[in-house]
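Trainee: I have a model open and want to learn how to read it. Where do I begin?

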Amino acid sequence: MKYIQSNIKHLRGLKKFSQERFADELGWSRSMVGSYEEGRSEPPIDRLIELSSYFNIPIDILVKNDLRKATDTSFIEVGNKRVLFPITVNEANEDLIEIIPAKASAGYLQGYEDPEYIEQLQKIKLPFLPTGTHRAFPISGDSMLPVKDGSFVVAKFVDDINEVKNGRTYIVLTKDDGLVYKRVYIKDEETLTLSSDNKFYNPYDIKKASILELWEFTCCINTQEYDADELKLSSIATLFQELNVELKSIKGLKN
């Protein structure tokens, strides 16, 4: 429990409590709080349970993570528990966009809730984004054309999976599939259908309970130049036909 000492002090600081006030809140003695914060003793399991209940934070988060790198807004509600959701801010306290590197995207499954992992990611700031927490995720393959292989999808974190919008595109993180970018449809109260825009790939169902994180598409950053043929109207028409999209007359467009 190497972090419990600093975590107790940090959480007390977020409340702006003195040791005496904090002790009164928990029904402890002030000397007990001082002993834990100074590392002269470690809280037994019953004290950890009291801390967990008071802050509504799971015990494993309290003992395994360095919460000094988190602010009060770094926690999100999951069920009736708050779990650590690490984000990074600049000196102006503005949220930055962490970029998940393409070569290490598989590691996101292990590091998505680790503040140290999130902290070492490269970051950018895009002033035109709506409010909310955003991350940039690498796209591989051709399942979501015209989003090209090598692009990055900037997406906004969805803190309530029941707010998913039918037919919109999302970055979905699951334990079995890792990161995928798909169009999401609501099948029933417990199930979502993930569909590719490239109809070569078949849709499939997943249970909401299997989703670790959900991010709604905000914008796409293309890292490759489009070929001339890709920008011709005829090529675009062919693409839409392959996607089974009906095209109506388009006037005023020239090659």
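The dialogue below goes from the whole chain to single features.

Mentor: Start with the status of the model. This is a predicted model.

Trainee: How many helices and strands does the protein chain have?

Mentor: The protein chain has 8 helices and 11 strands. Buried residues make up 41% of its 255 residues.

Trainee: What share of the contacts joins residues 24 or more positions apart?

Mentor: Take the contacts in the protein chain with a separation of 6 or more: residues 24 or more positions apart account for 58% of them.

Trainee: Let us turn to a helix. Which residues of helix H3 are buried?

Mentor: First the general idea. An α-helix has 3.6 residues a turn, so residues three or four places apart point the same way. Now the case. H3 runs over residues 30-37. Val33, Gly34, Ser35, Tyr36 and Glu37 are buried there.

Trainee: What covers the buried residues of H3?

Mentor: The cover includes helix H1 (4-15), helix H2 (19-26) and helix H4 (45-55).

Trainee: At what angle do H1 and H3 pack?

Mentor: About 125 degrees, with the axes 7 Å apart. Angles from 115 up to 145 fall outside the perpendicular and antiparallel classes, so they count as oblique. H1 is therefore oblique to H3.

Trainee: Which residues make the contact?

Mentor: From H1, Gln5, Ile8, Lys9 and Arg12. From H3, Val33, Tyr36 and Glu37. By class, the contact of H1 with H3 has 3 nonpolar, 1 polar and 3 charged residues.

Trainee: Ser6 is in helix H1 too. Is Ser6 buried or exposed?

Mentor: Compare the relative accessible area with the cut-off. Buried means under 20%. Ser6 has 15%, so Ser6 is buried. Leaving aside neighbours within four places in sequence, Ser6 is in contact with Asp66 and Arg68.

Trainee: Next, backbone angles. What is the general idea for phi?

Mentor: Most residues other than glycine have a negative phi. A positive value elsewhere deserves a look.

Trainee: Where does Lys16 lie, and what is its phi?

Mentor: Lys16 is in the loop between H1 and H2. Its phi is positive, about 60 degrees, although Lys16 is not a glycine. At 76% relative accessibility, Lys16 counts as exposed.

Trainee: And what about Asn56?

Mentor: Asn56 also is not a glycine, and it has a positive phi of about 60 degrees. Asn56 sits in the loop between H4 and helix H5 (59-64). With 23% relative accessibility, Asn56 counts as partly exposed.

Trainee: What phi does Gly39 take?

Mentor: A positive one, about 80 degrees. Gly39 comes just after H3.

Trainee: Now the rings. How many aromatic pairs does a search of the whole structure find?

Mentor: The search finds 10 aromatic pairs. One pair is Tyr54 and Phe55, with 5.0 Å centre to centre and 90 degrees between the planes. Planes over 60 degrees apart count as edge-to-face. That is the class of the Tyr54 and Phe55 pair. Tyr54 is partly exposed at 26% relative accessible area, while Phe55 is buried at 5%.

Trainee: What is the geometry of the Phe157 and Trp215 pair?

Mentor: Phe157 and Trp215 are edge-to-face, 5.1 Å centre to centre, with 65 degrees between the planes. Phe157 lies in strand E6 (residues 152-157) and Trp215 in strand E11 (residues 211-221), so the pair ties together parts that are 58 residues apart in sequence. Phe157 is buried, at 14% relative accessible area. Trp215 is buried as well, at 0%.

Trainee: Which residues do ring pairs link into a cluster?

Mentor: Phe22, Trp28, Tyr36, Tyr54 and Phe55. You met Tyr36 among the buried residues of H3.

Trainee: Where does the charged end of Lys182 sit?

Mentor: Over the ring of Tyr201, 5.9 Å from its centre.

Trainee: One more residue, please. What does Cys220 touch?

Mentor: Cys220 lies in strand E11. Not counting residues up to four places away in sequence, Cys220 touches Val147, Ser151, Phe152 and Val153. Cys220 and Phe152 are 68 residues apart along the chain, and their C-alpha atoms are separated by 5.8 Å. At 32% relative accessibility, Cys220 counts as partly exposed.

Definitions and conventions:
Residues are numbered from 1 along each chain as its sequence is written. This is a predicted model: local features need pLDDT of at least 70, side-chain atom pairs count only at pLDDT 80 or more; totals for chains, interfaces and linings use all residues. Side-chain values use heavy atoms; hydrogens and water are left out. Buried means under 20% relative accessible area, exposed over 50%, partly exposed in between (1.4 Å probe, protein chains only). Helices (H or I, at least four residues) and strands (E, at least two) are DSSP runs, numbered from the N terminus. Contact means heavy atoms within 4.5 Å. Axes are lines fitted to C-alpha atoms, for helices over the stretch in contact, and angles run from 0 to 180 degrees between N-to-C directions. Angles under 35 degrees count as roughly parallel, over 145 as roughly antiparallel, 65 to 115 as roughly perpendicular and the rest as oblique. Ala, Val, Leu, Ile, Met, Phe, Trp, Tyr, Cys and Pro count as nonpolar, Asp, Glu, Lys and Arg as charged, and the others, Gly among them, as polar. Rings of Phe, Tyr and Trp (its six-membered ring) pair if their centres lie within 6.5 Å; planes under 30 degrees apart count as stacked, over 60 as edge-to-face and the rest as tilted. A charge sits over a ring if NZ of Lys or CZ of Arg is within 6 Å of the ring centre and within 35 degrees of the ring normal.
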